[in-house]
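Dear colleague,

Please find below the structure that I am handing over to you. I would be grateful if you could read the notes beneath it alongside the model.

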Amino acid sequence: ERFPNFERLRRVSNWYPNATTVAHNTAHAVPAILTGRYPEGGPKAPDLRSYPDSLLTLLDGSYNLNVIESVTDLCGDGCDDSMDVLTHRERVGPALADISAVFAALVLSDAGPTVDTAWSGFWGETAPSSSSKDRKEHWKFRDPPRRFGYFDKRIEAFPKRTVHFLHLMLPHRPWQFLPDGKAYLRRHDSPHGLRKGRLWVGADWEIAQAQQRHLLQVQYVDTLLGQLLDTLERLERFDDTLLIVTSDHGGTFKSRDSRRSLTESNMIDLAYVPLLVKLPGQALGATDDRNAQTIDIAPTIADALDFDIPWRVDGVSLLSEASRPAEKRIYRSQKDTGAGKPWVFSSARLAESNAVVDEIATRFPETSLFIVAPEASARSLIGAAAEPLLGPASLARAEVLRLDDYDSIDLGTWWVPSHVMGTLYLARPINSPVRLAIALDGTVQAITEAYGPTPATTVEFTALLDPDLFEHGARHTIELFLIEPEGEPGVLRPVAVSLGE
């Protein structure tokens with residue numbers, strides 16, 4: 001229900017729920033997909049010089065190439081990747097940000113961001129920029145939609161015999177897109193609860209909110225997948241196409257664990273990835289529970305299209321009926337030593353992954369990802385009229401960032417004010433969690449929990465509103481209420497709201 005286009009593809013594809021990546025780092029994981037080989041050996045840049053043998057170079061000449069790479073640079077001269085993602089003016093800010101990151105890494109040692117695993121965007125969610133209200137040209141918000149749009153248009157421009165390869169940095173951070181592709185603004189570079197973009201240190205609700213944003217961005221990926229399927233069907237190419245959808249690695253949303261650096265406790269989350277393979281002429285989907293790894297994708301393509309790979313591959317065709325090993329490998333990337341020594345584990349640990357998914361799913365029991373709350377009783381308030389639940393006014397006050405954006409909603413722009421952000425000032429320190437109800441036009445539409453150390457008199461809060469609630473040109477009102485911590489959970493205490501900086 002949440003991801004209808006993934007389901008649409010699954011119905012006519014082979015689905016491999018036991019599929020895993022062989023590297024937790026994109027610079028190693030993507031080359032492994034295109035070469036069919038484990039990322040063994042010393043440090044390698046994800047470029048053509050380090051990986052001269054890949055499907056992109058092998059098929060150059062036999063097939064046309066429509067290739068969009070976001071992190072790697074593995075395509076040969078046959079690629080005509082002339083996409084102008086950014087204008088010259090738009091490139092100045094990101095370029096200066098990247099230069100400052102390299103300078104910080106060289107001069108300030110560990111004080112700067114890591115600059116050896118990507119070509120740009122080293123600062124993470126957002127490059128340092130001004131806090132100007134008008135951010136319509138902000139490059140980070142425009143890049144993934146432009147890349148997909150350019151790629152999708154080129155499908156029609158190329159003849160049928162073409163290798164189309166798209167690596168899109170979605171649903172990768174920054175989490176900023178809603179299911180329809182509209183963006184929302186963020187207060188901080190990283191989600192609260194995530195230290196330096198790496199370690200989850202926040203309370204369960206903070207991590208749940210971050211995962212909510214991630215899942216909404218997965219829904220945007222689902223929307224783009226639907227556009228791709230529509231394009232192939234409109235061009236009458238879907239039936240004849242070999243279509244593979246996968247991810248280069250996973251991520252975790254566990255408290256006190258690393259989001260992306262491989263550990264024993266998060267290995268399963270990082271290892272398992274989606275893998276759907278639609279063969280030419282396939283009309284009925286199937287589920288294959290056998291062991292599968294991303295290094296199997298290249299030999300599977302060779303098998304399906306009937307050509308030989310002239311170099312040694314570590315993977316095997318997923319179309320083969322031969323028994324498959326139970327052993328899996330995932331390589332932990334090291335800055336100085338390359339991919340490093342692999343962690344070997346059994347595919348039987350899929351049960352562990354399923355248990356984690358089941359536990360995390362309790363955070364989002366409704367189909368709508370906007371019906372969430374720190375506890376089930378508070379979640380029942382969403383959709384209720386606020387007035388019948390009102391109690392005495394609280395002594396707290398709140399500053400809501402960009403509160404004036406709700407005075408006149410413009411749905412024709414690239415973003416919507418779905419992300420309610422602000423600071424809550426309490427009359428006295430409170431030891432228990434501070435829970436808030438946010439009403440739009442008198443109806444409770446979001447429940448959240450303030451974050452920050454307690455007891456405290458100043459805490460911050462965020463919440464996401466369903467963009468379908470906004471009406472173009474309308475003036476919407478935002479109200480905040482403290483949820484009474486004792487007694488009846490349905491009692492709402494009004495909070496005085498003003499515009500924040």
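The notes below set out what was found.

This is a predicted model, in which local features need pLDDT of at least 70 and side-chain atom pairs count only at pLDDT 80 or more, while totals for chains, interfaces and linings use all residues. Residues are numbered from 1 along each chain as its sequence is written, and side-chain values use heavy atoms, with hydrogens and water left out.

Helices (H or I, at least four residues) and strands (E, at least two) are DSSP runs, numbered from the N terminus. Two strands pair if DSSP finds at least two bridges between them.

Strand S7 (residues 243-246) pairs with strand S8 (residues 275-278) in the antiparallel sense, over 4 bridges. The bridge partner of Val-245 in S8 is Leu-276.

The largest nonpolar core (buried Ala, Val, Leu, Ile, Met, Phe, Trp, Tyr and Cys residues joined through side-chain atoms within 4.5 Å; buried means under 20% relative accessible area with a 1.4 Å probe, protein chains only) has 29 residues. Leu-275 and Phe-307 are among those with the most contacts inside this core. Helix H8 (297-305) is one of the elements that supply at least two residues of the core, and its share, 4 residues, is the largest.

Elsewhere, 7 strands form an open sheet with mixed pairing, in the order S16-S15-S18-S19-S13-S14-S17. Its edge strands are S16 (443-449) and S17 (456-464). Within the sheet, S13 (residues 397-401) and S19 (residues 492-500) pair in the parallel sense over 5 bridges, and Ala-398 stands opposite Val-497 in S19.

Yours sincerely

Note on methods
Buried < 20%, exposed > 50% of the residue type's maximum accessible area, 1.4 Å probe, protein only.
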